[in-house]
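Got your viewer open? Let's take a short walk through this model, one selection at a time.

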Amino acid sequence: THQWRGIIEEYRDRLPVTDTTPVVTLGEGGTPLVPAQVLSERTGCEVHLKVEGANPTGSFKDRGMTMAITKAKEEGAQAVICASTGNTSASAAAYAVRAGMVCAVLVPQGKIALGKMGQALVYGSSILQVDGNFDDCLNLARSLSENYPVALVNSVNPFRIEGQKTAAFEIVDALGDAPDIHVLPVGNAGNITAYWKGYKEYAADKMSTRAPRMWGFQASGSAPIVRGEVVKDPSTIATAIRIGNPASWQYALAARDESGGLIDEVTDREILRAYRMLASQEGVFVEPASAASVAGLLKAAELGKVDPGQRIVCTVTGNGLKDPDWAVAGAPQPVTVPVDAAAAAEHLGLA
Ligand code: F0G
């Protein structure tokens, strides 16, 4: 039987490591590619979900972090730092523990989901809540890494992109070729950059016959790439992608243009509708930001922009348990019953 060994061991020949590189891993990657029945029916396509919430800390960030922390360790770093809307910090904190390093995280005050804050705390990182947004946090983290002995592990660190590109490899390995379209949420734009790099590398090495069109979706209140200008005060309920000045902006445009794809926006209402649909109809519970990919696909399909018969993969980036408030909000309160089968059966509509 084969036990998945984490992305560095599984894709060693496609990553910047040597025999002596000290691999820091939690067994990340190897995530499910789940056929999405209802989405397939609605679009007339063959839709799959790449469920990245199944990673060790519950998001795709672990793919990049195993690489970034491994390389930091190889270079002798003793401390790492990142800015985050919550998932990068959870991941950095966990992998720093594995590497025996100190981890500092900068998060926008009051704007990260409870589960993510809990992760940073329990992994034992040093947390600063910054009186500003993610973009302010990233500027601060950059300046600290330039002036103090601490390595930056945000996706401006090229090793993060190297690790994250492995998700594209897994998809091609599973499907036998690249899909026609790949859809994903866009925040700081590192992930769309990484997938595009992965798909291009596989196509260049004849591991696939083509690369997909890349479709990225931002939240309407935080859609600088769609608007073509920095958003000073980004807003959205999808706090993971509440970003007004993405670090990999130019790479996202390149992914869009080289692939013949698009970058569009979805409203918070569309995000929440897709979020509930994914859980209640596909059985896949993701965090709101992750649902932006599916919201975008549904929006495009409703506008008649999705030709039937295509193979489409949507990345759902983070686990729903990260941000449970949205699952509970607006849902009916469960009734309380006595320890009585007849009463329980009546409430369940069985009687
Ligand atoms: N989905 C989730 C769940 C995320 O946490 C992020 C980014 C994205 C999508 C967007 O990915 O930034 O590569 O375009 N989260 C970062 C963080 C910003 O700090 O955790 P991106």
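In what order do the four strands of the open sheet lie? Switch to the cartoon view, keeping in mind that this is a predicted model. Going across the sheet, you'll meet E5, then E4, then E3, then E6, and the pairing is parallel. If you wonder what holds such strands side by side, strands of a sheet pair through backbone hydrogen bonds.

Next, select 126–130 and 151–152. Those are strands E5 and E6, the edge strands, and each of them pairs on one side only. Now add residues 79–83, which make up strand E3. E3 and E6 run parallel and are joined by two bridges. To see where they meet, pick Val-80: its bridge partner in E6 is Ala-151.

Time to visit the ligand. Show the residues around the ligand, and you'll get 20 of them. Which ones come nearest? They are Ser-84, Gly-187, Asn-188, Ala-189 and Thr-317.

Zoom in on some polar contacts:

- Ser-84: one of its polar side-chain atoms sits 2.7 Å from an oxygen atom of the ligand.
- Gly-190: here a backbone N or O atom is 3.1 Å from a ligand oxygen atom.
- Thr-317: a polar side-chain atom lies 2.6 Å from a nitrogen atom of the ligand.

How much of the ligand does the protein bury? On its own, the ligand exposes 480 Å², and the protein buries 98% of that. Try hiding the ligand for a moment: the space it takes is the largest cavity.

Last stop: bring the ligand back and colour the shell around it by class. You'll find eleven polar residues, seven nonpolar ones and two charged ones. Then highlight helix H4 (87–99) and helix H9 (190–204), since each supplies at least two residues of that shell.

How values were computed. Residues are numbered from 1 along each chain as its sequence is written. This is a predicted model: local features need pLDDT of at least 70, side-chain atom pairs count only at pLDDT 80 or more; totals for chains, interfaces and linings use all residues. Side-chain values use heavy atoms; hydrogens and water are left out. Two strands pair if DSSP finds at least two bridges between them. A residue is near a molecule or strand if one of its heavy atoms lies within 4 Å of it. A polar contact is a pair of N or O atoms within 3.5 Å; within protein, one must be able to donate a hydrogen and the other to accept it, and residues adjacent in sequence count only if both atoms are side-chain atoms. Accessible areas come from the Shrake-Rupley method with a 1.4 Å probe; for residues, only the protein chains shown count as cover. On a 1 Å grid over the protein atoms alone, a cavity is a set of points where a 1.4 Å probe fits but cannot get out, and a pocket is an open set with protein on both sides within 12 Å along at least five of seven lines; lining residues have an atom within 4 Å of a point. A molecule sits in a cavity or pocket if more than half of its atoms lie within 2 Å of its grid points. Ala, Val, Leu, Ile, Met, Phe, Trp, Tyr, Cys and Pro count as nonpolar, Asp, Glu, Lys and Arg as charged, and the others, Gly among them, as polar.
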